[in-house]
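Please open the model in your viewer and keep the selection tool at hand, because this tour goes from one selection to the next. At each stop, pick the residues that are named and compare the screen with the text.

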Amino acid sequence: MKMKALLPVAAMLLLVSGQLAAPVTADGYVGQLAVFWGRHKEEGSLREACDTGRYNIVVITFYNVFGYQRGRYGLDFSGHPVAAVGADIKHCQSKGVQVLLSIGGQGGEYSLPSSQSASDVADNLWNAYLGGRRAGVPRPFGDAVVDGIDFFIDQGGADHYEQLARQLHGRGVLLTATVRCAYPDSRMEAALATGVFARIHVRIFGDDQCTMFPKDAWEKWAAAYPRCTVFLTVVASPEQDEGYMFQKDLYYGVQQFIDKEPNYGGIAIWDRYYDKKANYSGEG
């Protein structure tokens with residue numbers, strides 16, 4: 001839901017009635033702010049990210065070993081101690097921050113070669129990170145339960161992700177998708193066609209077709225999935241990708257346009273390390 005800003009339009013972040021900080025658009029509206037965490041040990045802990053008060057949503061990256069070999073599943077948190085994450089998830093949730101676990105990513109060993117593998121991964125996610133429990137299935141985060149699953153499928157084929165999505169949705173799991181900006185994303189097209197995703201993060205980096213703000217692509221994403229909340233996903237530093245936008249261009253140019261879509265939800269930042277280093281989202 002959009003809320004009118006209480007500070008002048010020139011402010012980049014807003015604290016509304018105790019709500020978490022969110023970007024301010026040029027016409028005085030705010031959206032939510034999401035960040036991807038887990039790619040750099042130097043970014044600090046998940047708890048520290050939530051304690052900044054900036055983010056409404058934190059996406060943990062990545063659950064990136066699944067499908068190739070039955071019974072083999074794994075996480076890659078770039079050196080972060082996994083044992084500490086469970087308590088941090090609970091801490092973030094106690095502060096009203098939604099915590100998602102992203103599957104896939106820009107590396108790792110993952111695919112869904114069969115319907116059986118989709119069922120197996122759904123069962124593992126449910127019993128290891130969500131509301132299920134099963135003897136013999138480790139829970140890396142202990143009794144902490146993530147709020148949902150993000151699909152960040154950036155390699156391999158598209159097969160069977162729609163089955164995985166349906167099975168998770170059938171268990172009441174919140175689903176989001178992080179997609180390439182060029183519409184459609186071939187790896188996620190069938191999964192998104194199921195209609196079970198609540199939010200889409202359209203990333204304008206890592207795609208040669210979208211090195212600048214893709215106005216036409218944004219309109220297509222927003223129009224194709226009117227029941228989904230759509231976020232614009234940006235890099236936080238020019239060190240990361242040539243698709244970097246200066247804050248003033250994002251907040252006072254691009255957001256004036258994207259905010260006009262009725263299903264615009266906010267901005268997602270890739271990633272916490274560079275946001276912290278470059279102060280992109282405006283930490284005081």
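Begin by selecting L164, which touches I103, L112, A118, V121, A122 and F151, leaving aside residues up to four places away in sequence; contact here means heavy atoms within 4.5 Å. You are looking at a predicted model, in which local features need pLDDT of at least 70 and side-chain atom pairs count only at pLDDT 80 or more, whereas totals for chains, interfaces and linings use all residues. Residues are numbered from 1 along each chain as its sequence is written, and side-chain values use heavy atoms, with hydrogens and water left out.

Next, widen the selection to L125, I149, F151, L164, L168, F197 and L232, which touch the most other members of the largest nonpolar core, a set of 86 residues. Such a core consists of buried Ala, Val, Leu, Ile, Met, Phe, Trp, Tyr and Cys residues joined through side-chain atoms within 4.5 Å, where buried means under 20% relative accessible area, exposed over 50% and partly exposed in between, with a 1.4 Å probe and protein chains only. Colour strand β4 (residues 57-66) as well, since this strand gives the most to the core, with 7 residues.

Now select C50 and C92, whose sulfur atoms lie 2.0 Å apart and form a disulfide, that is, a pair of cysteine sulfur atoms within 2.5 Å. C50 lies in helix α1 (residues 46-51) and C92 in helix α2 (residues 85-94), so the pair ties together parts that are 42 residues apart in sequence. Helices (H or I, at least four residues) and strands (E, at least two) are DSSP runs, numbered from the N terminus. C50 counts as buried at 2% relative accessibility, and C92 counts as buried at 0%.
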